[in-house]
Amino acid sequence: MGILEVKNVNKRFGGLQALGDVNLSVAENTCHAIIGPNGAGKSTLLNCLIGKLIPDTGSVMFDGQSVLGRKPHEINQMGISRVFQTPEIFGDLTVFENVMIPCFAKRDGAFRMHAIESVAAETDIVDQAESMLAEVNMLEKRDIVASSLSRGDKRRLEMAMCLSQTPKLLLLDEPTAGMARADTNNTIELLKQIKARRDITMCIIEHDMHVVFSLADRITVLAQGTPLVEDTPDKIKGHPKVREAYLGEAEV
Amino acid sequence: QEQGFTNAPTGGTVTLGFNVPQTGPYADEGADELRAFELAVEHLNGEGDGGMLSTFSSQALEGSGILGKRVEYVTGDTQTKSDAARASARSMIEKDGVIMISGGSSSGVAVAVQGLCQEAGIIFMAGLTHSNDTTGKDRKANGFRHFFNAYQSAAAMGPVLESLYGNDRKAYHLTADYTWGWTTQESMQAATEALGWETVNNVLTPLASTDFSSYIAPVLQSGADVLFLNHYGGNMVNSLTNAVQFGLKEAQANGKDFQIVVPLYSELMARGAGQNIAGIPGSQNWDWKLENQLGEKYKGTNDFVQAFGEKYGFPPSQAAHTCYVQTLLYADAVQRAGSFNPCAVVEALEGFEFDGLGNGPTLYRAEDHQCFKDVVVVRGKENPENEFDLVEIVEVTPTEAVTYPHDHPMFAGGELGECNPGA
Amino acid sequence: MGIVLFLTLAAPFILNPFPATSGMAQFNAGYPDLMQRFVIFGIFAIGFNILFGLTGYLSFGHAAFLGVGSYSAVWMFKLLGYNIVPGLVLSVIVAGLFSLVIGYISLRRSGIYFSILTLAFAQMSFALAYSVLTPITNGETGLQVYTSDPQYLQSADAPSIPHLFGLEMRATETLRLGGWSFDLNFGYYVCAVVMVLAFYLAIRIFRSPFGMMLRAVKSNQQRMNYTGLNSRPYTLAAFVISGMYAGLAGGLMASMDPLAGAERMQWTASGEVVLMTILGGAGTLIGPVLGAGLIKYFENIFSKINDGVLHQWFAFMPDGIEDLLVGIVHPFVGKGWHLTLGLLFMLVVIFLPGGLVEGGQRIASVFRRDRKAGGAEARAAAKRNVE
Amino acid sequence: MDAIFLQILNGLDKGSAYALIALGLTLIFGTLGVVNFAHGALFMIGAFCAVTLSRLLSLSFTTIDETRTDFLGNPMKVETPYAEWLFGPEFGAAIIDWTVPLSILFAIPVMLVVGLVMERGLIKHFYKRPHADQILVTFGLAIVLQEVIKYFYGANPIPTPAPELFRGSFDFGALLGFEANAVIYPIWRAVYFIFSLTVIAAVFGFLQFTTFGMVVRAGMADRETVGLLGIDIDKRFTIMFGIAAAVAGLAGVMYTPINPPNYHMGMDFLVLSFVVVVVGGMGSLPGAVLAGFLLGILESFASTAWAINLVPGINQIIIYLVAIVVLLTRPRGLMGRKGVMEE
Amino acid sequence: MNKPIVPEGFDPNANHAATAPAFLSVWNVEAYYGESYIVQNISFNVHEGEILALLGRNGAGKTSTLRTIARLDTPALKHGEIWLDHKPLHEMRSHEAAAAGIALVPEDRRIIPGLTVEENLQLAQIAPPRGWSIDRIYDLFPRLGERRKQEGVTLSGGEQQMLSIGRALCRDIKVLLLDEPYEGLAPVIVQEIAKTLNIIRDQGITTILVEQNAIAALKLADRAVILDTGSVVYDGSAQEVLENEALRAEYLAI
Ligand SMILES: Nc1ncnc2c1ncn2[C@@H]1O[C@H](COP(=O)(O)OP(=O)(O)OP(=O)(O)O)[C@@H](O)[C@H]1O
Ligand SMILES: Nc1ncnc2c1ncn2[C@@H]1O[C@H](COP(=O)(O)OP(=O)(O)OP(=O)(O)O)[C@@H](O)[C@H]1O
Ligand SMILES: [Mg+2]
Ligand SMILES: [Mg+2]
């Protein structure tokens, strides 16, 4: 019984069957990769997990509770955080504030009326945010307005935001796309450390096979909305169907 | 040097405050009032030809200012909003040190400013305000109204309507949905029902309406044969224009010619309605043709028209007239009382009878500070010769017919209170 | 903060820079009514800015709360007596409840749809207050206290105008120093103290985690929800707080001048506070207060300059030139004050995109000659150091 | 039955005014994304085009008629319009009589120029600025335009009658077999209705059957990318603005015989037209038109005596009530597009 | 700003000096976001029909350089000249540059909301000159053909990338500026696009390719320019970078 159980999830957009009978089970404290061709439904699946979309049929259980019918913020409070495919950050706020907000959300829950105390006085949050920024190597950019970051930096920031919540389940939608190779490697290292250190389950979507094979414990290949195969990385590498539908001649 | 009341004038001048709408829909009316105020100040200071000073029965004023002090004035913009009007009035009192405020082009504003003057302890000489409340429910010891009111309009129109349209009529009222509209409608309904007319319906229209077609359209179907437009200003222009568009003026109902009545006329607005007002009856406080057409009784009229016309090139409106007269009446009262003290002025004005200010013999009634005088009933001219000559006088209803007891139910509920001299 | 405290306390002197007898006395704004208006609208605008400046939700119906506040205060005067404390308390409470209801419904939508919802509620309140609700609001005339009102708590010796435990709002001490005269008005100082408190509270809110959350709402509401924060209660809280500020302003207005008119709730009044906030600089703390002051200054000072005054000013010129100058200035003052105001709006927004505060900062930075700071960073810094 | 019919007719002409104003507004506000508080002023300027033309046509020379006297007793001045003097009394009078329809020809170029100047000179710099700044600048502009008009024409309404031929009313009910007088309808309002349908159809045609509409929509969503595709979006925005100004102006011209124009008529319509556009849904032309007619008809019904008796004050609030109900049940108004001014 | 030290033996501008006449030349270009000086005096040349790889770390200024060449409003070009086939791009605005033959595939794809896939493509063909027909785009990316009526922004990330590239090809272009075209694409598609780029090159279109996957980019490119904090630190053959470990480690950290 995995921490995340997706059963028979279907999602249609008009005439298009974006997800057809998806079943997925992610074991606790593992890293599960979902790969597949463009438009296979990977992001759609994640959207169903965080309440951005509601599946037409099927069930999604996290930690023994259903996430369906809950609001996005409730789902997050259950312990699910997501890094989006196109960076979703607070563009008008500084990098530092961007990281503080999830820290507050973690500590205070979905709403708290702390209107009189000053932000600077919340030392535990400030410390937490600082150490998080240090971890992703962005401490020197802390006072920059997030919207003027370069694209790679925005991604790193978003990752920092999600990590600072110490979620039980971290969903990563192409976290290293657009990142310089060096930073990609750093990110892999970071994620590996976090995985080793913390109580965390990860679900990652990536087209960069280097990342996938460095991190994943198990891989699901999705094609046209249905899981093609699910197996260990080694098995997937050589799988003929996967090669044909997805990898092509790519060396992995 | 006088003391013991708010803004007691020091030095050789005394300052009056003229608070009129300078922006918004009534800006032109306000501008006309301001012209009259300026003219009055000129005359008080002995400049110009003296206007009505020579015809005014009191003769206390001699063109040397008030009590020998030169008259100065400040102006303000009421924006036709109670709040803005009070702000403007307060600045006149607190900053400019005025001893009297006059002006206004709506009853809401007049009542609001009158209340303020009462609290602050200065005199308020109302300008154009027609609602019963100004000298009824909301009357104040420090406030005075020369202009007539809705009740008097109705009382004056009654006999005229009877003679024009007979006793067997069915009336339909469209009424602006606020205090003035209601009091006017109430008064007209009472007056016409006394004639034996029937009231078919009364529909309230939002003040902010610009188009009245949906209110006008059902009128012909309702069985009514007279339409009362209890509207003023822009509302009146539009509702009348709409009514004419819908052919009500040519229509037949119950075998009679359909008629439209506008209880309160305003020359400026009549200009806005253009040809549509031809033949429509209504009431006025005063008209610049009074003396020419009805003779000596209304003396003063021509002197005022002459002075005003010479200076500005066109005849004055009733709003201008009432503002001019109010200024003179105030100055005269101070002169007679020998003091600027508001309480002395109140005493001098209460029960004051005068003549020669264009309305014939007039009484400032002590109980409610309302003037009692003849009321003019007019009708839109069929072929006006120019834009200032839009109405013809149908009749003048004598004072007795428009006088009512001060505790008449339509005016009940108010208290003058004590005169307040302020600090 | 210190500056604000100083400015408000010294306002009677600062606003009367010209001797009472000079021609320029026309420009003096240091008389009680206008000073009270400055701070009251300042409070209104500060509150509005907590909603608009922080969350970006543009309410076009805030005047409704101001109006409700005024009505509540006057009703307290009518029922209990002229002490302003119960009036102020009730006006804040009623405005808070009213804004809770309207906010709860309107905040289901965002952007322009939200603006129109708030506008619709306010316009409905205005229309009804003007007509159908006349028994409660006294319609066009405005709600006021009559001698026949019960005033259950009014003791015999208490003043029959608004007062604070016996101290009259209208009480004014006039200080004459040479040609100058300064009005020290008790009502003004009551308002000023309230505004300083309101301003201080706003500073705290801006710097608090709550304030940061509100800015996050403005920046990216989606992200906020996916970060586990429920944006609705945050926006609703901001809405109610700003509604209560508006109610407080309304209550103070009634306390300074015990009459509450329905026009206070009209869309133009709501629009006015929007303009004040933008004019001064939305999202800054002091900006809205400056904007409020400027608009009220124009309304009260420029509208009172008539041709007579103009002639007086230019009297020292030769006649021909005098008439010419008067002719040139004439369309912009007196009944033309709207024109000047309109031009001012345009000039400010064209040349000072961040409002008056930005203008002030530019001048300051010219003095400090630090032009190196990157645009974005400077702006961020400005936001943090708002004071 | 006839009463219902009558109110629908009434609603239609009210609605056509709303629809026409909202149509112009939605081109600027819903399509270009500029919160244009000066739109009412454009409507007003259109109306004053008619006033101006009528002033021009009735420009007169003065002769003194010694036989009559004016109110001060001086000899009377008699004014004869140049038009009558030029074209002979009859034709001259006919031209003056037809001022309002003639004003259409006059207003189109004037409004286009006004629109272009306004866009090039001012609005252009505000596309990327926050909506709040747009509100401030266009509101300022609206005040300035109003005050200028007030300076020249005063604050009073100015009667501008329709041509003799179109004055008065006709018994529309009689055509349909209702009893006489049941459904009376003013001729000019019928003209206004037909005119507005024509303008609406023309604008729809232009935007529907050319790619112009698509390009402008795209440009509003993402100017930068549209520029990358070789399209000079600025020029198209300018044209769009010009069209919107012309539509607003025409609505104003034709409105003058219905109610005499005054300098603040634009402000009176402003809030209402924003409500109409938003209820129709941002960015949707059909939505704006539909909402215009819908609100017109509902307002008309709410003004009937029985409705007011049923719910006192309903006529005061109906528009806002409907707006609230629509916006709460349909998140983006009747036909709004996603993502337009939702933040 | 401290200028990066150019390693000994390298003349950053050597290559561009040697091979004249250039088709597209970027001369001493400086560009700013507001007050921030981002593109710091950059010069390089591109020859007709060449693929140039523009490489560098995150925040090095690659995107900003491409945006400057495409003449977008930000960053603002404050100094320098850009010539395309004897036409002064630096005097143009973006739509004029586009008419002159520049096409940019932006890094965030910039699919226009509210338009369908097909409308997004049609939009590219409104202003002349036109390039490939829409059908030909559909042949290249069949997925787009299947989704022609779907709203562009609801496409999956990879599909959007296809649309963005397709949109550029809809125009008759001389220079194609590709900002991270492989991002978010499945390996099979990456291989497809690489082939397409070769086809495009064969047609004589010049390409500047910005790509984080430096190896893939270098394999495709003829020449490479490497940026660091807004300045050119290497300008030379792509082959050399591929082969020179030290160089890669220094500037690309690979
Ligand atoms: N709102 C929507 N309306 C219609 N179709 C949609 C919508 N959202 C997604 N789709 C379609 O559903 C399919 C799955 O999309 P999804 O974003 O899940 O793909 P993906 O696997 O994440 O692909 P990629 O790797 O390219 O990001 C795509 O073909 C997409 O076009
Ligand atoms: N709109 C902006 N305002 C201010 N600074 C910006 C803006 N956009 C980018 N920058 C800054 O310009 C520098 C260069 O950014 P650019 O986007 O050109 O980098 P890049 O090389 O494309 O990086 P990446 O590989 O991450 O996309 C960065 O430091 C970034 O922070
Ligand atoms: Mg995806
Ligand atoms: Mg980039």
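## The disulfide

A search of the whole structure, which is a predicted model, finds one disulfide over all chains. The bond is formed by B:C343 and B:C419, whose sulfur atoms lie 1.8 Å apart. The two cysteines come from distant parts of the chain, with B:C343 in helix α12 (residues 342–349) of chain B and B:C419 in the segment after α13 (399–402) of chain B, so that the pair is 76 residues apart. The torsion about the S-S bond of B:C343 and B:C419 is about 105°, and the disulfide is therefore right-handed.

Are the two bonded cysteines buried, partly exposed or exposed? B:C343 has a relative accessibility of 23% and therefore counts as partly exposed, and B:C419, at 24%, likewise counts as partly exposed.

## Cysteines outside the bond

Two further cysteines can be set beside this pair. The sulfur of A:C103 has its closest cysteine sulfur in A:C162, at 11 Å, which is too far for a bond. A:C103 counts as buried because its relative accessibility is 1%. B:C323 is in no disulfide either, the nearest cysteine sulfur being that of B:C371, 13 Å away. With a relative accessible area of 0%, B:C323 is buried.

## The magnesium site in chain E

Which protein atoms serve as donors to the magnesium ion (ligand 4)? They are OG1 of E:T63 and OE of E:E107, lying 1.9 to 2.4 Å from the ion. These two residues again link distant parts of a chain: E:T63 belongs to helix α2 (residues 62–69) of chain E, whereas E:E107 sits in the loop between β6 (102–105) and α4 (117–124) of chain E, 44 residues apart. Both E:T63 and E:E107 are buried.

## The fold of chain E

The chain that provides these donors, chain E, has eleven helices and ten strands. Its radius of gyration is 18 Å, close to the 18 Å that the globule rule gives for 254 residues, so chain E is as compact as a globular protein of that length. Along its principal axes, the C-alpha trace of chain E spans about 55 × 40 × 35 Å.

Of the 254 residues of chain E, 59% count as buried. When contacts in chain E between residues at least 6 apart in sequence are considered, 68% of them join residues at least 24 apart. The accessible surface of chain E comes to about 9,600 Å², and carbon and sulfur atoms account for 50% of that area.

## Aromatic pairs and a cluster

How many aromatic pairs does the structure hold over all chains? The total is 57, and one of them is formed by B:F56 and B:F352, in an edge-to-face arrangement with 6.5 Å from centre to centre and 80° between the planes. This pair, too, links distant parts of the chain, since B:F56 lies in the loop between α1 (27–44) and β2 (70–77) of chain B and B:F352 in the loop between α12 and β13 (353–354) of chain B, 296 residues apart. B:F56 and B:F352 are both buried. Helix α12 of chain B thus appears in both descriptions, as the element that holds B:C343 and as one boundary of the loop that holds B:F352.

Aromatic residues of chains B and C also come together: B:Y26, B:Y178, B:W180 and B:Y232 form one aromatic cluster with C:F126 and C:Y130.

Technical notes
Residues numbered from 1 in each chain as written. Chains lettered and ligands numbered in written order. Predicted model: local features only at pLDDT ≥ 70, side-chain atom pairs only at ≥ 80, totals over all residues. Heavy atoms only, no water. Disulfide = S-S within 2.5 Å. Helix = DSSP H or I, 4+ residues; strand = E, 2+ residues; numbered from the N terminus. Buried < 20%, exposed > 50% of the residue type's maximum accessible area, 1.4 Å probe, protein only. Donors = N, O, S within 2.8 Å, 3.2 Å for Na, K, Ca; no water. Rg over C-alpha atoms; globule rule 2.2 N^0.38 Å. Contact = heavy atoms within 4.5 Å. Areas by Shrake-Rupley, 256 points an atom, 1.4 Å probe, with all protein chains shown as cover. Phe/Tyr/Trp six-rings, centres within 6.5 Å; stacked < 30°, edge-to-face > 60°.
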